[in-house]
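I opened my notebook to record what I looked up in this structure, beginning at the surface and then turning to the core and the overall fold.

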Amino acid sequence: YYPVFISDNSRLEHIKEQVANGQQIIEVEHLPHEEYLWTSMPYSGSVWEERYKLFYGLPVELDFVELTYDEMA
């Protein structure tokens, strides 16, 4: 799970940078090995999106946009 940990931390830092830059639409990357994880992606409109924002202290008015693997490369 070390690669997941590193990617999750990197993803959160990227989200916080976008918030600090005043962006309202936030690009969220997938984590590696998602087939072994539960609710690893805070999909827009889901309860997990709301909980993700609350847990990390992010503004609730943010909109998350999922980046596909092709867009991440």
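**Surface, core and fold**

I looked first at the surface, where Tyr2, Phe5 and Ile6 form a nonpolar patch with about 350 Å² of accessible area together. Patches of this kind join nonpolar side chains (Val, Leu, Ile, Met, Phe, Trp, Tyr) within 5 Å, from residues with over 30% relative accessible area and no salt bridge (a side-chain nitrogen of Lys or Arg within 4 Å of a carboxyl oxygen of Asp or Glu). Accessible areas come from the Shrake-Rupley method with a 1.4 Å probe, and for residues only the protein chains shown count as cover.

I noted that this is a predicted model, in which local features need pLDDT of at least 70 and side-chain atom pairs count only at pLDDT 80 or more, while totals for chains, interfaces and linings use all residues. Residues are numbered from 1 along each chain as its sequence is written, and side-chain values use heavy atoms, with hydrogens and water left out.

I then checked Tyr2, which lies in helix α1 (residues 2–20); helices (H or I, at least four residues) and strands (E, at least two) are DSSP runs, numbered from the N terminus. Tyr2 is exposed, at 59% relative accessible area, where exposed means over 50%, buried under 20% and partly exposed in between.

Turning to contacts (heavy atoms within 4.5 Å), I found that Leu58 touches Ile15, Lys16, Val19, Tyr52, Lys53 and Phe64, not counting residues up to four places away in sequence.

Finally, I recorded that the chain has three helices and two strands, in the order α-β-α-β-α from the N terminus on, and that 27% of its 73 residues count as buried.

Definitions and conventions
Patches are made of residues with over 30% relative accessible area and no salt bridge: like charges are joined within 9 Å, nonpolar side chains (Val, Leu, Ile, Met, Phe, Trp, Tyr) within 5 Å. Buried means under 20% relative accessible area, exposed over 50%, partly exposed in between (1.4 Å probe, protein chains only).
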